[in-house]
Amino acid sequence: MSVLIYAENADGKFKKSIFEAVSYARAIADQQNTALTAISIGDVNADELNSLAKYGADKILNAANAQLKNFVNQAYASVIAEAAKKEGADIVVLSNSFSGRGLAPRLGVKLDAGVVDGAVELPELNGGKFTVKKTAFSGKAFAVVELTSANKVIALTPNSYKIVEAAKAEKVEGFSVETNESDFKAMLKEIVRSTDKVSLPDAEIVVSGGRGLKGPENWGMIEELANLLGAATACSKPVSDSGWRPHSEHVGQTGIAVSPNLYIAIGISGAIQHLAGVSSSKVIVVINKDAEAPFFKVADYGIVGDAFEVVPKLIAAIKEHKALV
Amino acid sequence: MTILVCISNVPDTTTKITFTDNNTQFNTNGVQFILNPYDEIALARAVELTDGGKGTVTVINVGEANTEPTIRKALAIGATDAVRINAKPHDAWFVAYQIAQYVKANPFDLILTGRESIDYNGSKVAGMLGELLDLPSVSIIKKLELEGDKAVVEREIEGGKEILTIPFPFVAGTAEGVAEPKIPNMRGIMSARTKPLTVIEPVDVKTNSEIISYETPAPRGQVKLVAADDAGKLIDLLHTEAKVI
């Protein structure tokens, strides 16, 4: 019995969401009174690998070979399943990232394990029942799921568990696994990464614009505000449907669900489908000229006013605030 | 080309979600059920790819008889035929297992699902099908084009995308960008009534997860309003009070 965490890298680096998942997996290992092994796949340097020990990995497996350099869903799932078997891990933890969402179900089948995706809290053990709370109805609710299988796969929602330092000795081991040709049918042609922007699912602060901004030409101030705050930009469905912003920025029930520390909604009325995607944000700020906008009912802070007057004031205030600290 | 589109019957996006029986059951009273919006995108792309006699589109649903209006809608949008596996969709594993048994007997060139259903948001059926059928699977795609005997797909990643080529057959979960949902026309609605809908019985499978209760998000306190003229004060509050910047 042990816990295995898959530490996904992006261009050789672990992101904050991975350290969250390692901390989460460490806490599960402590609950179960067992060890935590991390597995990294692809090109990651020694310093970066060692950083996993800082958050509680007792051992770090490094599966690096030319074939595994880039993410291939099928092949990566095989490597992680192999590692779980070799380590005798009965609980596998991943980040519920885009790649994690592809891996978790394959791992569930390979390991004959029940899968909880989008977990938001540590598992609870009550009277022999192993339960995990996850988001459901696109953020409108949570479901508490019991996993009844011996093996379990849990994918953790980014920004839902705090990073906890729990330093262990740095112990990295090579992990070699015989790869199966049929796992490599999908071929990567190209990775396109916009490196100058904060990625929306990982963002701690999100600045989001709606139809109240009147047109794509007015997004300059949204981007400026986001840049100053180190935030990602997002939008409502009508905005992406109109082609003002890309679909990847659409937050809501049929877009992406986010759980940042701070969500700033500008010129968004707050339709129920949009609220679903942002309800797990820790602090919500709403700026809307309509005092009756439903978004104010779920906001922590609000400004009733015209975005074109309010946003420049916010930008000026942040610049002033930054100059002071 | 033969395409299978896996569809779910889900509460309409405007539904206010409530629970009964001490928060153990989803309250379906007065809830309108619809074709899962992401599945609609998969279906629209499947219809485009096979348009003009270039193939067939089968939709498959694991559900009881009450899902038939949703299946008929999929037929009206342009699916060639439909299969309903007559069972409650217990969880993603149960659904994927049932569909995989069907596909083993009736292979397809391409299997599409929505990226997730908007009720349980699992995004698991595509990957489980891939594993059960030993096929490549791509979890969340934004684009799907044909290129000879392969497909070129764009997969969403944090802050960007990956472009992949995949030989058929494979499984993919579709998101916005793959196609615009299609609204059924009158001819589609008429023909949907007579298109074949086969009902088959489920096979036995051991389940491995159980929803034991539900919770709704904790209500937020009263909104604190800042005057528009004094908007800069908001930044102070976010810094000193909310401590988020």
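## Close-up views of chains A and B

**View 1. Here is the annotated stretch of chain A in this predicted model.** UniProt, in an unreviewed entry, lists "domain: Electron transfer flavoprotein alpha/beta-subunit N-terminal" for residues 3-188 of chain A. Follow the chain through residues 3-188 of chain A and you'll pass through 28% helix and 33% strand. The C-alpha atoms at the two ends of that stretch sit 30 Å apart.

**View 2. Now for the stretch of chain B that has its own UniProt annotation.** That record, again an unreviewed entry, puts "domain: Electron transfer flavoprotein alpha/beta-subunit N-terminal" on residues 23-209 of chain B. Helix makes up 29% of residues 23-209 of chain B and strand makes up 33%. Between the end C-alpha atoms of this stretch there are 18 Å.

**View 3. Chain A splits into two domains.** Domain 1 of chain A takes in residues 2-184, and domain 2 of chain A takes in residues 200-324. Their C-alpha centres are 32 Å apart. Where the domains meet, 11 residues of domain 1 of chain A are in contact with 11 residues of domain 2 of chain A. On the domain 1 side of that meeting place, you'd count 7 polar residues, 3 charged ones and 1 nonpolar one.

**View 4. This open sheet draws strands from both chains.** It has 10 strands, and the pairing is mixed. Walking across, the order is β13(A)-β11(B)-β10(B)-β9(B)-β12(B)-β8(B)-β1(B)-β6(B)-β7(B)-β13(B). What stands at the edges? There you'll find β13 (187-193) of chain A and β13 (197-200) of chain B. Each of these edge strands has a single partner strand, so one side of each is left without a neighbour in the sheet. From one strand to the next, the twist averages 30°.

**View 5. Let's zoom in on part of the sheet in chain B, along with a helix that packs on it.** Strand β9 (residues 137-147) of chain B pairs with strand β12 (residues 170-174) of chain B in the parallel sense, over 3 bridges. For I141(B), the bridge partner in β12(B) is T174(B). Helix α2 (residues 68-77) of chain B touches β6 (56-63), β7 (81-86) and β13 of chain B. The directions of helix α2 of chain B and β7(B) make an angle of about 160°.

**View 6. Here the two chains touch.** The contact involves 64 residues of chain B and 82 residues of chain A. Several elements of chain B give two or more residues to its side, among them α3 (92-105), α4 (125-133), β10 (150-157) and α6 (232-240). Which element gives the largest share of that side? It's β11(B), with 8 residues. Sorted by class, the chain B side has 32 nonpolar, 19 polar and 13 charged residues. Strands link the chains too: β18 (residues 301-304) of chain A runs parallel to β15(B), joined by 2 bridges. In that pair, Y301(A) stands opposite K224(B).

**View 7. Strand β14 (residues 205-209) of chain A is largely enclosed.** Why? Because 5 of its 5 residues are buried, the rest of the structure largely encloses the strand. One face of β14(A) carries I205(A), V207(A) and G209(A), while V206(A) and S208(A) are on the other, and both faces are covered. β14(A) is joined by 5 bridges to strand β16 (residues 262-266) of chain A, and the two run parallel. In β16(A), I266(A) is the bridge partner of G209(A). Another 4 bridges join β14(A) to strand β15 (residues 232-235) of chain A, also parallel. There, V206(A) stands opposite A232(A).

Conventions. Residues are numbered from 1 along each chain as its sequence is written. Chains are lettered from A and ligands numbered from 1 in the order in which they are written. This is a predicted model: local features need pLDDT of at least 70, side-chain atom pairs count only at pLDDT 80 or more; totals for chains, interfaces and linings use all residues. UniProt positions are given in the numbering used here, feature names are shortened, and annotations may be inferred rather than shown by experiment. Domain bounds come from an automatic or database domain assignment. Two residues are in contact if their C-beta atoms, placed from the backbone, lie within 7 Å. Ala, Val, Leu, Ile, Met, Phe, Trp, Tyr, Cys and Pro count as nonpolar, Asp, Glu, Lys and Arg as charged, and the others, Gly among them, as polar. Two strands pair if DSSP finds at least two bridges between them. Axes are lines fitted to C-alpha atoms, for helices over the stretch in contact, and angles run from 0 to 180 degrees between N-to-C directions. A residue is buried if 20 or more other C-beta atoms lie within 10 Å of its own, exposed if 12 or fewer, and partly exposed in between; C-beta atoms are placed from the backbone.
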